[in-house]
Amino acid sequence: MNIFLLASLWICSFALADEDERLPNKCEVCKFLTVELQAALEKTGRSKEVLELGEVLDTGKRRRKIKYNTSETRLTEAVDNICEGILQYNVHAERPGSLRYAKGTSQTMTTLKNLVGKGVKVELGLPYELWDEPSVEVSDMKKQCETMLEQYEEVVEDWYFHHQDQRLERFLCETHVLKTAEQECLKEVWKGDMGTKGSAEDTTSNGVEEAKAHDAGEL
């Protein structure tokens with residue numbers, strides 16, 4: 001009975017993903033777009049590399065030098081395929097709001113895989129090898145991310161070159177993309193599964209990483 005109940009709950013989460021209200025909203029898309037872009041930029045934020053731009057002329061004029069960490073090249077490399085990173089997220093159906101999107105295996109899926117590992121037959125309506133494929137929700141978020149990034153490309157560039165003293169989430173999502181009434185998900189921060197076995201590990205692997213990226217605004 002318990003096994004059937006768990007499987008049924010998971011199947012319901014897949015079914016709900018097909019409904020409009022279960023697809024990511026604009027706030028959630030903007031939130032995780034900024035999380036991914038911020039993380040990509042932070043990886044190269046301390047680079048001391050210097051780029052040489054232009055050609056050496058016959059007059060002997062030297063090529064212009066520019067620091068990589070303030071260059072357009074750095075931004076271009078960070079933005080390139082940034083929305084592909086969204087596909088690494090999974091739906092954690094046991095969490096509320098935007099917190100249901102996080103990297104790592106969900107508590108529900110972990111339970112079901114443990115059952116399979118013990119020889120229990122669990123039917124989800126799709127082959128076991130597809131259990132870890134991006135869900136309908138995550139695939140939709142990736143598409144919306146690409147559309148939003150294209151639409152607000154100039155805003156992102158403006159932030160990068162002139163407003164890095166502000167958090168990207170605030171500059172992009174709060175100021176340009178979302179209306180005040182649409183910003184509720186920006187206040188949601190993962191604090192771990194309180195009272196759940198293994199919550200400390202979850203907080204370290206998922207919550208802290210997400211909260212750090214969510215709150216880190218200065219590069």
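**Disulfides and nonpolar core: group meeting transcript**

Good morning. I begin with the link of Cys83 and Cys145, which is left-handed, with -75 degrees about the S-S bond. This pair connects distant parts of the chain: Cys83 lies in the loop between α3 and β3, Cys145 lies in helix α5, and 62 residues separate them. The sulfur atoms are 2.0 Å apart, and both Cys83 and Cys145 are buried. I should state at once that the model before you is a predicted one.

How many disulfides does the count come to? The count comes to three. A disulfide, as a reminder, is a covalent bond between the sulfur atoms of two cysteines.

I turn next to Cys27, which forms a disulfide with Cys185 at an S to S distance of 2.0 Å. Here, too, distant parts of the chain are linked: Cys27 belongs to helix α2, whereas Cys185 sits in the loop between α7 and α8 (199-215), and the two are 158 residues apart. The torsion about the S-S bond is -100 degrees, and the link of Cys27 and Cys185 is left-handed. Cys27 and Cys185 are both buried.

The remaining pair to describe is Cys30 and Cys173, with 2.1 Å from S to S. Why is this disulfide left-handed? The torsion about the S-S bond of Cys30 and Cys173 is about -100 degrees, and therefore the disulfide is left-handed. This pair likewise joins distant parts of the chain, with Cys30 in helix α2, Cys173 in helix α7, and the two positions 143 residues apart. As for accessibility, Cys30 and Cys173 are both buried.

If one counts the bonded cysteines along the chain, the disulfides follow the pattern 1-6, 2-5, 3-4.

Let me now move to the nonpolar core. The largest one has 34 residues, and those with the most contacts inside it are Leu37, Ile86, Tyr89, Met148, Leu172 and Val177. Which elements give two or more residues to this core? They are α2 (26-42), α3 (72-79), β3 (89-91), α5 (136-151), α6 (153-162) and α7 (168-177). Helix α2 provides the largest share, eight residues.

One residue of this core deserves a closer look, namely Ile86. Leaving aside residues up to four places away in sequence, Ile86 touches Phe32, Glu36, Val138, Met141, Lys142 and Cys145. Among these contacts, Cys145 brings us back to the opening of this talk, as the disulfide partner of Cys83.

Thank you for your attention.

Conventions. Residues numbered from 1 in each chain as written. Predicted model: local features only at pLDDT ≥ 70, side-chain atom pairs only at ≥ 80, totals over all residues. Heavy atoms only, no water. Core = buried A, V, L, I, M, F, W, Y, C linked by side-chain atoms within 4.5 Å. Buried < 20%, exposed > 50% of the residue type's maximum accessible area, 1.4 Å probe, protein only. Helix = DSSP H or I, 4+ residues; strand = E, 2+ residues; numbered from the N terminus. Contact = heavy atoms within 4.5 Å. Disulfide = S-S within 2.5 Å.
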